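Visitor: I am new to this structure and would like to understand the terms used for it. Could we look at it together?

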2 protein chains.
Amino acid sequence: VTDTGIIDFGIGQPEDRILPRELLREAAQHALAGPGNDYLQYGPEQGARSLRDALAGFLSRHYGHEVSPDELLVTNGASHGLDLVLSRYTRPGDVVVVEAPTYFFGLDVLHGRYVRLVSVPVDEEGLDTGALRTVIEREKPALIYTIPVFHNPTGVSLSDARRRQLVELAEAYRIPVVADEVYQLTAEPDRLLPPLRRYDPRQVLSLGSFSKILGPGVRLGWIECTTGHVAKLRDDGVLRSGGGASPMTGAIVETAIRRGLQDQFLATVRDIYDRRRRCACEALRRYLPEGVRVTYPDGGYYVWLELPAGTDPRAVRVDALAAGVGFRPGHIFSIDGSFASCLRLCFTYYPEEVLVTGIVRLAKVITSHLPRCS
Amino acid sequence: VTDTGIIDFGIGQPEDRILPRELLREAAQHALAGPGNDYLQYGPEQGARSLRDALAGFLSRHYGHEVSPDELLVTNGASHGLDLVLSRYTRPGDVVVVEAPTYFFGLDVLHGRYVRLVSVPVDEEGLDTGALRTVIEREKPALIYTIPVFHNPTGVSLSDARRRQLVELAEAYRIPVVADEVYQLTAEPDRLLPPLRRYDPRQVLSLGSFSKILGPGVRLGWIECTTGHVAKLRDDGVLRSGGGASPMTGAIVETAIRRGLQDQFLATVRDIYDRRRRCACEALRRYLPEGVRVTYPDGGYYVWLELPAGTDPRAVRVDALAAGVGFRPGHIFSIDGSFASCLRLCFTYYPEEVLVTGIVRLAKVITSHLPRCS
């Protein structure tokens, strides 16, 4: 709840209260007391070997398949990862495929590289691979940006069949796919499909991050991709000049992994996120009026709503704020202002009782805006 | 000395041994034990206010003029700072002025933004502002990239008169100047001119970094510029999506500043760097043969040598490595392969006795390659 009393479902963050300060203090204390101090020097562009070893072990355990430290490159988080891939795989004016809808800040990162964006729809099975094929043949894109798991903003995950089709297309046309998989680790592996690289590792550059499983302010993430892609990515001016992404932070996170602290905390956040998700979905089912289309997610951070035709989404937003509840309006998730009748709710930032209060407020406002039968 | 016994003056780094692990452990322990944990959340794009307050105080003390926290934006180091300015102030194809010679990794960062580079010579007073004026009028550059203090690779500092001319030109033509001032704090203030913004703050974006005064692996730096420039810079996709540059590292560095640890360590590194610089210069004066032109620096990291005409620089390099001494060849510091007869030596990475041994080796090789009188 913000200072003004507004419950803002627009905030796409973990709750402040659960962020693991003590865990990181313990990790830092051990990391910075070790015998070496390599992490205070310029490091390898790819990230320290010992961090990549620890991270590979952690990912192998949780992904359920072997991850190689040679196929990992350390980043300052998924947004840096996306920007780095854009920098190395596109030139200004190149076409990049994005999803409709897609992560709105991702669009800002893409615009910063002066690429031309072409969108492909997302449905209840995720990215529409049939439409993707048409776009590939017409536009010859340099890159595909997709969020295959607990998609931001819709919450859907790419189906098994679509995953197969996507990697087949990527390989057939030799188009790298940036798979934003930052929500992959937020749910138990038996509740979701494996990461996209399991289907075919060759063209998939998987973006991962500690933001959702440790804390956003840690600003550390990774790209998992073939050694060929790693070689291309690490030959980046900023990484070369700076000696890799945040070696000192890397040493702290490595220690958190090696001491089992990351595993413990992962179990904690999964449990919290799952309870909040179920609570939010139940409240939406109970309180929302008929006619609102809800995409109920199996995990991640978000629920996507579509207001019935004839409802004025701007008026809903204004009245919702007046009633003390906020959300992200749908149009920001598109390159052309589409999805104006949609809205994104984040269910991870608030405890359950606040989620319910906020959803009751929202439901009331939406109900009052429903088009009357004439 | 590397594992192979080579003394590599090409390494442009602080010595591993002096990097302050204990200082950072102490800072981390206090930073991560405080009552709040904001630094684990997404932060403001500009960097946390409390960090900027502490940094402004630190810079005000050492620069000798008031630095405002509102005029600071936190980065992941100077290379990230340069890339960020390029991203926000240039479009692909725009002209950017660089110095000849200039920092070689800076060129990689510039190439990554698809700008067109035009160079202006550096002489013993720094950037040639007369030549700069001609280039500005002809090329209408979008940006000027300069290293006004302890220039990399030549070691020279921009003179007082040139500083005045540079900021006058920048203001007259409204061209932002990226001033890479990462070596400003490495020497006592009475030994060098004030930072470029003191001459005119309006068009100067000053890049600073903790790499030279704390440790490169910390990966934290700043840009000091007007609030107008800050507003433009912070509207960057990666900063917005990620919530600023490394908030957790920022909290640790803030604590290092607030507890006086950064001030203490600054005195230590200044003393070490100064003794090494004087030792290297003395050895070069004593052992180098006549005819080698040396630019003796007043601070920073580097000495720049020019071999006499008729000396084969490639042969010198090969024989130097065989004799156990390395350096950075001059041509990498240019956009067109100029400065082939020059070489850059770094004097901060080795203790004094190693500096002397290396310089003796190098002097012997150069002497053996001098053109004979015919």
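Guide: In this predicted model, helix H7 (residues 227–234) of chain A lies across S2, strand S8 (204–209) and strand S9 (221–224) of chain A. The direction of H7(A) is at about 30 degrees to S2(A).

Visitor: Which sheet of chain A holds S2, and what is the order of its strands?

Guide: The order is S2-S9-S8-S7-S6-S3-S4-S5 in chain A, an open sheet of eight strands with mixed pairing.

Visitor: What makes S2 and S5 of chain A edge strands?

Guide: Strand S2 (72–75) and strand S5 (126–127) of chain A each have a single partner strand, so one side of each has no neighbour in the sheet. Helix H5 (residues 129–139) of chain A also packs on this sheet, where it touches S3, S4, S5 and strand S6 (143–146) of chain A. The direction of H5(A) makes about 165 degrees with that of S4(A).

Visitor: How do you know that strands S3 and S4 of chain A pair?

Guide: Pairing requires at least two bridges between two strands. Six bridges join strand S3 (residues 95–100) of chain A to strand S4 (residues 116–123) of chain A, and the two run parallel. Across from Glu99(A), in S4(A), stands Val120(A).

Visitor: What sheet in chain B contains S10, and how is it paired?

Guide: It is an open sheet of four strands in the order S10-S11-S14-S13 of chain B, with antiparallel pairing. Strand S10 (293–295) and strand S13 (328–329) of chain B stand at its edges, because each has a single partner strand. Three bridges connect S10(B) with strand S11 (residues 302–306) of chain B in the antiparallel sense. Among the residues involved, Val294(B) has Leu305(B) in S11(B) as its bridge partner.

Visitor: Why is H2(B) called oblique to H10(B)?

Guide: Helix H2 (residues 49–63) of chain B and helix H10 (residues 261–287) of chain B pack at about 40 degrees, with axes 12 Å apart. An angle under 35 degrees would count as roughly parallel, and 65 to 115 as roughly perpendicular. The angle therefore makes H2(B) oblique to H10(B). Their crossing is right-handed. In the contact, Phe58(B), Arg61(B) and His62(B) of H2(B) meet Gln262(B), Asp263(B), Leu266(B) and Arg270(B) of H10(B). By class, this contact has two nonpolar, two polar and three charged residues.

Visitor: What makes H11(B) oblique to H12(B)?

Guide: Helix H11 (residues 313–322) of chain B and helix H12 (residues 352–369) of chain B pack at about 140 degrees, with their axes 9 Å apart. Angles over 145 count as roughly antiparallel. The angle therefore leaves H11(B) oblique to H12(B). The residues of this contact divide into six nonpolar, one polar and one charged.

Visitor: Why is H9(A) called roughly perpendicular to H9(B)?

Guide: The axes of helix H9 (residues 247–258) of chain A and helix H9 (residues 247–258) of chain B cross at roughly 105 degrees and come within 10 Å. The range for roughly perpendicular is 65 to 115 degrees. H9(A) is therefore roughly perpendicular to H9(B). Met248(A), Thr249(A) and Ile252(A) meet Met248(B), Thr249(B) and Ile252(B) there.

Visitor: How do you know that the two copies are related as by a two-fold rotation axis?

Guide: A turn of 180 degrees and a shift of 0.0 Å along the axis lay chain A on chain B with an RMSD of 0.0 Å. The two copies are therefore related as by a two-fold rotation axis. In addition, 100% of the interface residues of chain A are also interface residues in chain B, so the copies meet through the same surface.

Conventions
Residues are numbered from 1 along each chain as its sequence is written. Chains are lettered from A and ligands numbered from 1 in the order in which they are written. This is a predicted model: local features need pLDDT of at least 70, side-chain atom pairs count only at pLDDT 80 or more; totals for chains, interfaces and linings use all residues. Side-chain values use heavy atoms; hydrogens and water are left out. Axes are lines fitted to C-alpha atoms, for helices over the stretch in contact, and angles run from 0 to 180 degrees between N-to-C directions. A crossing is left-handed if the near helix is turned anticlockwise from the far one by less than a right angle, and right-handed if clockwise. Contact means heavy atoms within 4.5 Å. Ala, Val, Leu, Ile, Met, Phe, Trp, Tyr, Cys and Pro count as nonpolar, Asp, Glu, Lys and Arg as charged, and the others, Gly among them, as polar. Copies are superposed by least squares on the C-alpha atoms of residues with pLDDT of at least 70 in both.
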